[in-house]
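Work through the exercises below with the sequence and coordinates at hand. Each task is followed by a stepwise solution.

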Amino acid sequence: MPLNRLNLVLQQAVAALETEGRRKGHEAVVVGVLPPQGEKGPRYLLEGYGDQPFIRMNSNSYLGLSRHPALKQAEEEALERFGVGPGAVRFISGTYKAHVELELDLARFHGREAAMIFSSAYATVLSVVVPLTTDQTVLISDELNHNCIINAVRLARPLEKIVYKHLNLGSLEQALQKAIEIGARRALVITDGVFSMRGSHAPLAEMSALVQQYDSQFAENALLVVDDSHGVGAFGPTGRGTEEYTATRADILVGTLGKAFGVNGGYVLGPSNLIAYLRETSLMYIYSNPITPGEAAAARAALKLLQAPEGQERLRHLQAMTQRFRQGLLSLGYESFPGAHPVVPLVLRDGALTNRLVRYLRERGVLATAIVYPVVPKGEDSIRFQVSAEHTQADIDEVLGILQAFKQNVSGPS
């Protein structure tokens with residue numbers, strides 16, 4: 001069947017994105033990685049750019065573990081033992097010893113009764129929120145939550161969906177009060193731990209206290225659900241994320257293996273009864289393959305490494321480089337959102353200027369990504385820089401030098 005009429009509509013839609021400056025466009029293809037040399041960290045080679053090396057300032061790999069020898073060895077040993085894929089979903093025959101051991105390690109690391117892994121953090125959020133939502137549940141979500149939470153709320157069928165103002169405790173309290181007024185038996189307050197486009201974190205201690213204050217008025221509890229995918233491994237004194245940074249604990253915690261831990265997959269933590277229920281009801285667990293045994297083994301190695309002296313030193317270095325870059329941006333007169341996380345936005349509030357600076361950076365060997373509407377609200381167009389433990393002081397200073405030159409030599413969008 002021809003797609004000629006549909007193709008025209010799709011072509012027009014992409015052209016409109018191009019005109020509005022919102023098209024993501026060509027994806028950079030990494031074809032090689034050059035090891036650290038002297039004062040410089042690793043450099044990346046891209047398809048179409050020959051031998052030009054790039055500093056990567058747009059990676060979620062906060063601890064720089066994806067090429068660490070311990071992780072590669074763990075994955076290779078599991079690959080040799082079990083093969084390259086699980087071969088089935090978990091409940092049929094796709095559960096391997098590495099999966100079970102990883103879940104036990106994650107539960108211990110976060111101080112929880114039980115853990116459950118998924119193919120990604122996105123799948124985890126969908127697979128937690130939807131099964132826990134009944135027609136007597138109210139879902140309460142921060143207005144700047146990640147797309148995975150937004151879509152989980154859309155897919156669920158609750159009694160009511162309430163979006164509260166970003167990090168506004170008064171607005172959150174009003175949402176809880178409304179949930180009581182309409183007779184909800186259960187309330188799920190859902191938030192990012194670290195907001196991925198801003199690098200700011202949720203005030204979990206205050207949120208937890210507020211949820212507990214109203215908990216007794218819900219027959220099936222009010223629960224705080226936190227997706228801390230950007231926080232775990234990269235935030236807090238020992239890398240235990242926003243919970244550790246705010247000295248509090250969520251009722252249900254979601255994390256990822258695909259950012260600071262440098263591997264792939266997502267996970268949820270909570271009481272053993274919760275995890276047992278989710279294994280029976282989470283569709284992306286029941287009907288989708290898990291991460292490979294090799295990935296699970298590599299993730300275990302990353303978790304072990306983070307808790308060892310080498311991992312803690314990487315975390316301290318990450319924090320120092322984050323502070324250096326953030327202070328450097330501000331000293332140059334650029335705007336950023338406040339925070340201590342290695343996501344450091346450079347806020348330009350102009351889509352064309354944002355895209356122009358990204359091109360300027362790439363021409364000078366720096367990979368950075370423009371974040372424009374609708375990924376962020378209108379007027380918050382920015383470049384999301386992401387600092388990594390791979391970065392050296394020389395790397396940070398090199399990028400700051402390029403940003404200084406842009407500010408001195410370029411005025412306004414072309």
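**Exercise 1.** In this predicted model, decide whether R43 is buried or exposed, and do likewise for D395.

Solution.
- Step 1: The cut-off for buried is under 20% relative accessible area.
- Step 2: R43 has 8% relative accessibility, so R43 counts as buried.
- Step 3: D395, at 1%, therefore counts as buried too.
- Step 4: The two residues form a salt bridge, with 2.8 Å between the closest N and O atoms.
- Step 5: This pair links distant parts of the chain, since R43 is in strand β2 (residues 43–46) and D395 is in helix α15 (residues 393–409), 352 residues apart.

**Exercise 2.** Classify the exposure of R316 and E313, and state how far apart they are in helix α13.

Solution.
- Step 1: Partly exposed covers the range between under 20% and over 50%.
- Step 2: R316 has 46% relative accessibility and is therefore partly exposed; E313, at 43%, is partly exposed.
- Step 3: In helix α13 (residues 309–331) they are three residues apart, about one helical turn.
- Step 4: Their side chains meet in a salt bridge of 3.1 Å, N to O.

**Exercise 3.** Find the strand order of the open sheet that contains β14, and the helix that packs on this sheet.

Solution.
- Step 1: The three strands run in the order β11-β14-β13, with antiparallel pairing.
- Step 2: β11 (343–347) and β13 (370–371) are the edge strands, each pairing on one side only.
- Step 3: Helix α14 (residues 351–363) packs on the sheet and touches β11, β13 and β14. Its direction makes about 40 degrees with that of β14.

Notes: Residues are numbered from 1 along each chain as its sequence is written. This is a predicted model: local features need pLDDT of at least 70, side-chain atom pairs count only at pLDDT 80 or more; totals for chains, interfaces and linings use all residues. Side-chain values use heavy atoms; hydrogens and water are left out. Two strands pair if DSSP finds at least two bridges between them. Helices (H or I, at least four residues) and strands (E, at least two) are DSSP runs, numbered from the N terminus. Contact means heavy atoms within 4.5 Å. Axes are lines fitted to C-alpha atoms, for helices over the stretch in contact, and angles run from 0 to 180 degrees between N-to-C directions. A salt bridge is a side-chain nitrogen of Lys or Arg within 4 Å of a carboxyl oxygen of Asp or Glu. Buried means under 20% relative accessible area, exposed over 50%, partly exposed in between (1.4 Å probe, protein chains only).
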